Amino acid sequence: MNAPLPAKAFQARSISLSSRYGGRTVLAIGAHPDDLELAIGGMLARLSRESVRVVMAVVSIPTGFETRRAEAQRAADILGCELRILIDGECKRIDDIKNYQLVGMLDDLVRELQPAAVLTHSANEFHRDHVAVHNACISTQRLKPFDFFHFNPTMCRPVPVQFHPRAYVDVSKTIDLKMEAIAAHVSQFGARGLEGGEMYRDLARLTGRMVGVQYAEGIDVGRMLLA
Ligand SMILES: [Zn+2]
């Protein structure tokens, strides 16, 4: 049996985030506050530290508007990202707006920001709001040839939903920032301590083992140009 490729050799051949997105804009779109931190908080922290403008767009805040908005802002500050609340000023559910309105909001954002990459929920989700945002992003793809990635299903407790990452981001240096950003959502994770959030450290550790690094986040590739 051949010896496995050493992790270092593997990494040396990988594409760095800064070489691909440095000086450009990456747009991350989550249905609710905390989705982005749970799924790709480590990646977003890395991007913002590697001279990428990162915009975290949260579509809606279903409950506790002021509290959850403040928590989302604190988490975005920890990660070094800009925060946009798309349905701002009041509690609303994504079901409260029409599909075309949701697509229109995302279209406006993409026209304004001209992102090099967009990250959002995958189609494999147990939460219908997450699927609605995924579907709206699929429509928004028509506007511009950005890289398009889908992230791990997000939840406070483990739910058996299939998701197979096809690309991996080393977040070993930003895992603590990710955990801090998750903890900023006190209304969601405060009562359970960090138990709910800690599941994501475990997942990052397991995902890291797949690619020979300490911690990683997995994403699925919807569309990507290899120049
Ligand atoms: Zn959510």
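A residue counts as exposed when its relative accessible area is over 50%, as buried when that value is under 20%, and as partly exposed in between. With a relative accessibility of 60%, Arg166 therefore counts as exposed. Please keep in mind while reading that this is a predicted model.

**Salt bridges**

Arg166 is a good place to start. Its partner is Asp220, and the closest N and O atoms of this salt bridge are 3.0 Å apart. Asp220 belongs to strand 7, whereas Arg166 sits in the loop between strand 5 (147-151) and strand 6 (167-170), so the pair ties together parts that are 54 residues apart in sequence. The two ends also differ in their surroundings: Asp220 is buried, at 13% relative accessibility, while Arg166 is exposed at 60%.

In total, the structure holds 14 salt bridges. Side chains of opposite charge can pair when their charged atoms come close. Three of the bridges are set side by side here.

| Salt bridge | N to O distance | Relative accessibility |
|---|---|---|
| Asp34 and Arg68 | 3.5 Å | Asp34 7%, Arg68 7% |
| Asp220 and Arg166 | 3.0 Å | Asp220 13%, Arg166 60% |
| Arg205 and Asp202 | 3.6 Å | Arg205 35%, Asp202 44% |

The bridge between Asp34 and Arg68 connects the loop between strand 1 (25-30) and helix 3 (35-49) with helix 4 (residues 65-79), so it ties together parts that are 34 residues apart in sequence. Asp34 is buried, and Arg68 is buried too.

Arg205 and Asp202 give a more local picture. Both lie in helix 9 (residues 195-211), 3 residues apart, which means that about one helical turn separates them. Arg205 is partly exposed, and Asp202 is partly exposed as well. Elsewhere, Asp176, Glu198 and Arg201 are joined into one network by salt bridges that share partners.

**Aromatic rings**

How many aromatic pairs does the structure hold? There is 1. It is formed by Phe146 and Phe148, whose rings meet edge-to-face, with 6.0 Å from centre to centre and 75 degrees between the planes. Why does this pair count as edge-to-face? The angle between its planes is 75 degrees, and planes over 60 degrees apart count as edge-to-face. Phe146 and Phe148 are both buried. Phe146 has another neighbour to look for on your screen: the charged end of Arg223 sits over the Phe146 ring, 5.0 Å from the ring centre.

**A nonpolar patch**

On the surface, Ile15, Val221, Met224 and Leu226 make up a nonpolar patch, and together they have about 360 Å² of accessible area. One of these residues, Met224, is found in the segment after strand 7 (216-223). Its relative accessibility is 31%, so Met224 counts as partly exposed.

**Cysteines**

A disulfide is a covalent bond between the sulfur atoms of two cysteines. Searching the whole structure finds 0 disulfides. Why does Cys81 have no such bond? The closest cysteine sulfur belongs to Cys137 and is 17 Å from the sulfur of Cys81, which is too far for a bond. Cys81 itself is buried, with a relative accessible area of 8%. Cys91, by contrast, is partly exposed, with a relative accessible area of 37%.

How values were computed: Residues numbered from 1 in each chain as written. Predicted model: local features only at pLDDT ≥ 70, side-chain atom pairs only at ≥ 80, totals over all residues. Heavy atoms only, no water. Phe/Tyr/Trp six-rings, centres within 6.5 Å; stacked < 30°, edge-to-face > 60°. Buried < 20%, exposed > 50% of the residue type's maximum accessible area, 1.4 Å probe, protein only. Lys NZ or Arg CZ within 6 Å of the ring centre and 35° of its normal. Patch = residues over 30% accessible without salt bridge, like charges linked within 9 Å, V, L, I, M, F, W, Y side chains within 5 Å. Areas by Shrake-Rupley, 256 points an atom, 1.4 Å probe, with all protein chains shown as cover. Salt bridge = Lys/Arg side-chain N within 4 Å of Asp/Glu carboxyl O. Helix = DSSP H or I, 4+ residues; strand = E, 2+ residues; numbered from the N terminus. Disulfide = S-S within 2.5 Å.
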